[in-house]
Every structure is written in C-alpha cells, then in structure tokens.
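Trainee: I would like to take a close look at a single part of this protein, and I would be glad of a slow, connected explanation.

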Amino acid sequence: MILLDALVVEWDHWPPPKSYLGLPLIVRGCSIMGFAQLVIGPAGSGKSTYCSSLYQHCETVRRTIHIVNLDPAAENIRELISLDDVMEELGLGPNGGLIYCMEHLEENLDDWLADELENYLDDDYLVFDCPGQIELFSHVPVLRNFVDHLKRKNFNVCVVYLLDSQFMTDVTKFISGCMASLSAMVQLELPHVNILSKMDLVKNKRDIGDYLNPEPRVLLSELNERMAPQFEKLNKALMELVSCKAIHTF
Ligand SMILES: Nc1nc2c(ncn2[C@@H]2O[C@H](COP(=O)(O)OP(=O)(O)OP(=O)(O)O)[C@@H](O)[C@H]2O)c(=O)[nH]1
C-alpha cells in the first residue's frame, strides 16, 4: 500500500485512479471527493424545474447526476420526518412545519446523510433541491450546517440560486432579489451562481437587459425617483453594497 503525503500528482481526468501500479492508492488528507450543488431560491422560482432539466441534460450528454429533494414532503426526507405529521401533531402551519422538519433533519444530519450517501459512489454528482422558505438561507442555520456536513464528508459544494425573471420588472425588485441572493452568499460562503429563471415568459428581453449589466448610477437615480427623499442615503448605501458584491453575479 502506498501512502502519499507530499507528492503532487496531476491527473488528466477525474476521478483519479483508486490504484497505482496494481496497488491500492490512498492519498492522505486528499481523499476522493464527491460534488454537490445546492439549488436554492424563493418559493416557486423554478428550482425543481431546473433540477429536472439539468437531469435530462446530463442524461443526454451521458453524465450521471442524482437529484436529492430536501423538501420534507418529498420521498428522500419522508422516512425521517413527514411534514403532514408535523403539521397535524404539533398544530403548525406549512411554513412553521417545514422549519421544524428542517431543524429535525439538522439534528439527525450525521445519521441521515451517512445513510443517504451510502446510495452513491464517491465521485457522484449530487444536486440538492432545497425548499423555498427564505428563512433557510437567510438566518436559520440549517442549510449552513448541512453544507458543513457535506464538506466534512469531502464534498465540493456550490450554490445555484434561482430567481424568477418575472421578479425583475423594476429597480426595487432587482435590489430585493440581489439582497436575498446576497444574504444566501453571506450565510453559506460557497461558490455561488445566480440564475434568472422563466426567461421564456419575458416578452421584451430589453426590459431585463438593464439588470443583466447594471449601471449603478442609473439604477440609483431610478430608485431615488421612485422613493421619498428621506430614503436617498439608504438607496445609495444599498446600491454600493449591491454593486460591489452581488451585481456582477447576475
Ligand atoms: N414558463 C416557465 N415556467 C416555469 C419555468 N420554471 C418553472 N416554471 C413553473 O413555475 C412553477 C414553479 O416551478 P417549480 O420548479 O416547482 O419551483 P420551485 O422553486 O421548485 O418551487 P418550490 O419547491 O415550491 O419552492 C411551476 O408551475 C413550473 O412549471 C420556466 O423556465 N418557464
């Protein structure tokens, strides 16, 4: 058995071989990783549709990916906890019930994730279709802890944030979408790609063009025109924040 500590080896394909010269190869501190995509975004933004399109595309190009639905009403989670049971037994509404289920998932994450990951190979690509409750990627730490678990299991994780293009109809909505996405970026601290969904429903693509290559000064004056003068300072601060962090990701 070869134990490699300091040797840097470049492979021209992934995954690297599991054996070398006929011997099992163990690279210390650098075990073979899996890859995961966390698909998040507001309710109804098109996460599940994106996941199924991605799945079909990968099938066409003969790449294997696995979709794991983290919605407590979905099959992957139902064995652990069911949203309907929680709502009935605890008298919670759908939103409170979902947060309860996600917190329960968090408490059982080690066991549940270990069981789930047993279904997959080391170098599989997993796509997690997350529920749309904004709390999950703004201030409730469930998804952050979930990501940390995946990382501890040597997964490389990235975020795909879906935003409904119908949302991008004026500057105030653009700022709101950027802030929600920025909040997820700050909370999760992962490589992050923003995707505008439902573009087929946008009749005039030019209406959205301003937000794809935003000019902060133009947007700021538009914002100031729409709002009372006492918001000017806040508008300026918001625009600075958005232009230095999130604007380039749309
Ligand atoms: N026209 C159009 N409709 C879309 C597109 N993507 C999603 N939809 C529709 O938007 C609705 C919501 O899509 P979903 O994929 O269920 O959205 P979601 O983000 O998974 O929803 P939640 O899981 O409830 O948060 C469905 O009726 C979809 O058919 C798209 O690209 N174009």
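How much of the protein chain, out of its 250 residues, is made up of buried residues? And once that is settled, in what order do the five strands of the open sheet stand, and what sense does their pairing have?

Mentor: Before anything else, please keep in mind that this is a predicted model. Buried residues make up 26% of the 250 residues in the protein chain, which contains eleven helices and eight strands. Among contacts between residues at least 6 apart in sequence, 70% join residues that are at least 24 apart.

The part you ask about is an open sheet of five strands, and reading across it gives the order β5-β6-β4-β7-β8, with parallel pairing. Its edge strands are β5, residues 65–69, and β8, each of which pairs on one side only. From one strand to the next, the twist averages 25°. As a general point, the strands of a sheet pair through backbone hydrogen bonds, and they may do this in a parallel or an antiparallel way.

Let us begin at the edge formed by β5. This strand pairs with β6, residues 125–129, in the parallel sense over five bridges. Two of the positions along this pairing are easy to find in the structure: I65 stands opposite Y125 in β6, and H66 stands opposite L126 in β6.

Moving on, we reach β6 itself, which is mostly covered, since four of its five residues are buried. Besides its pairing with β5, strand β6 pairs with β4 in the parallel sense, over five bridges. Here A36 has L126 in β6 as its bridge partner, and L38 stands opposite F128 in β6. If you look again at L126, you will see that this residue faces H66 in one pairing and A36 in another.

The next strand, β4, spans residues 34–40 and is also mostly covered, with six of its seven residues buried. Seven bridges join β4 to β7, and these two strands run parallel; within that pairing, Q37 has C158 in β7 as its bridge partner.

These strands also bring us to the nonpolar core. The largest nonpolar core has 43 residues, and L38, V39 and F128 are those with the most contacts inside it. Two of these, L38 and F128, are the residues you have just met standing opposite each other. The surroundings of V39 can be followed in detail, because once its neighbours within four places in sequence are left aside, it is in contact with K47, Y50, C51, V127, F128, D129, C130, V160 and L162.

One of those contacts, K47, leads on to the ligand. The ligand is surrounded by 13 residues, and the closest are G46, K47, S48, T49 and G132. Helix α1, residues 47–60, supplies the largest share of this shell, namely three residues. By class, the shell has two nonpolar, eight polar and three charged residues.

Finally, follow the far strands of the sheet to two loop residues that deserve a second look. N154 sits in the loop between α7, residues 142–152, and β7, residues 155–164, while K198 sits in the loop between β8, residues 192–197, and α9, residues 205–212. Most residues other than glycine have a negative phi. Against that background, the phi of N154 is near 65°, a positive value, and the phi of K198 is near 60°, also a positive value. N154 counts as exposed because 12 other C-beta atoms lie within 10 Å, whereas K198 counts as partly exposed because it has 16 C-beta neighbours inside 10 Å.

Key:
Residues numbered from 1 in each chain as written. Predicted model: local features only at pLDDT ≥ 70, side-chain atom pairs only at ≥ 80, totals over all residues. Near = placed C-beta within 6 Å. Nonpolar A, V, L, I, M, F, W, Y, C, P; charged D, E, K, R; others polar. Core = buried A, V, L, I, M, F, W, Y, C linked by C-beta atoms within 7 Å. Buried ≥ 20, exposed ≤ 12 C-beta atoms within 10 Å, placed from the backbone. Contact = placed C-beta atoms within 7 Å. Pairing = 2+ DSSP bridges. Axes fitted to C-alpha atoms, helices over the stretch in contact; angles between N-to-C directions.
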